[in-house]
Amino acid sequence: MATSFIRHLSFTKRNIAIPADYRPLYKIGHVILVLFLACRSNKASLMKLHFLCWAIKSQRNLLQVQQWINNDFKSDFHIWGVEPTVNRALIYAVAEGFVSLNDGGYSLTDNGIALYKLMKKDKELFKDEKVFLEKIGKNGISEQRIKDLSSKFL
């Protein structure tokens with residue numbers, strides 16, 4: 001098991017609750033699901049992780065991506081979100097040994113796969129996200145598609 005680099009952890013009580021989507025552990029769950037269910041060799045570029053995490057963020061995004069796929073990637077779709085919460089989740093996921101950074105891409109470690117298997121056992125946890133990502137599969141959206149799409153975006 002990898003050694004954690006976190007030396008101190010503290011929490012500050014806030015006056016308002018932080019939405020689940022902004023919580024690092026929630027986003028780590030999304031990253032783990034994306035890597036395991038929708039990426040070849042459980043590995044992806046940062047842009048693909050951002051794209052698929054954006055896709056599973058809301059029903060509206062899911063439908064938009066599904067239509068893009070159903071139209072054989074030919075529909076006019078070029079605006080999607082890049083969120084700081086995904087970057088923060090990746091930092092924590094790497095620090096905790098769930099994900100590793102290799103050659104500019106992120107990949108699941110054995111600990112990350114073990115976490116996925118725990119998440120898979122809970123049928124209600126990330127239910128819609130699992131269905132969508134399983135439907136896409138590991139070959140549904142290639143890295144090249146993401147590069148082509150992001151070239152329109154940037």
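Two strands are taken to pair if DSSP finds at least two bridges between them. In the predicted model described here, strand 1 and strand 3 (residues 105–108) satisfy this criterion, pairing in the antiparallel sense over 3 bridges. Within this pairing, Lys 43 has Ser 107 of strand 3 as its bridge partner. The two strands belong to an open sheet of 3 strands, in which the order is 1-3-2 and the pairing is antiparallel. Strand 1 (43–45) and strand 2 (99–102) form the edges of the sheet, each pairing on one side only. From one strand to the next, the twist averages 30°.

Helix 1 is placed against this sheet. The helix lies across strand 1, strand 2 and strand 3, and runs at about 85° to strand 3. Helix 1 comprises 15 residues (residues 24–38), which at 1.5 Å a residue should span 21 Å; the end C-alpha atoms are 20 Å apart, in agreement with that expectation. Much of the helix is covered, as 11 of its 15 residues are buried. The buried positions include a run from Lys 27 through Ile 28, Gly 29, His 30, Val 31, Ile 32, Leu 33, Val 34 and Leu 35, together with Leu 37 and Ala 38. In general, an α-helix has 3.6 residues a turn, so residues three or four places apart point the same way.

Helix 1 also packs on helix 4 (residues 84–95), at an angle of about 85° and with the axes 8 Å apart. Since angles of 65 to 115 degrees count as roughly perpendicular, helix 1 is roughly perpendicular to helix 4. On the side of helix 1, the contact is made by Pro 24, Lys 27, Ile 28 and Val 31. These residues meet Thr 85, Val 86, Arg 88, Ala 89, Leu 90, Tyr 92 and Ala 93 in helix 4. By class, the contact of the two helices contains 8 nonpolar, 1 polar and 2 charged residues. Among the helix 1 residues in this contact, Lys 27, Ile 28 and Val 31 are also listed as buried.

A further position of interest is Gln 66, which lies in helix 3 (residues 59–70). The relative accessible area of Gln 66 is 15%; because buried means under 20%, this residue is classed as buried. When neighbours within four places in sequence are left aside, Gln 66 is in contact with Phe 132 and Lys 135.

Methods. Residues numbered from 1 in each chain as written. Predicted model: local features only at pLDDT ≥ 70, side-chain atom pairs only at ≥ 80, totals over all residues. Heavy atoms only, no water. Helix = DSSP H or I, 4+ residues; strand = E, 2+ residues; numbered from the N terminus. Buried < 20%, exposed > 50% of the residue type's maximum accessible area, 1.4 Å probe, protein only. Contact = heavy atoms within 4.5 Å. Expected span 1.5 Å × (residues − 1). Axes fitted to C-alpha atoms, helices over the stretch in contact; angles between N-to-C directions. Parallel < 35°, antiparallel > 145°, perpendicular 65-115°, else oblique. Nonpolar A, V, L, I, M, F, W, Y, C, P; charged D, E, K, R; others polar.
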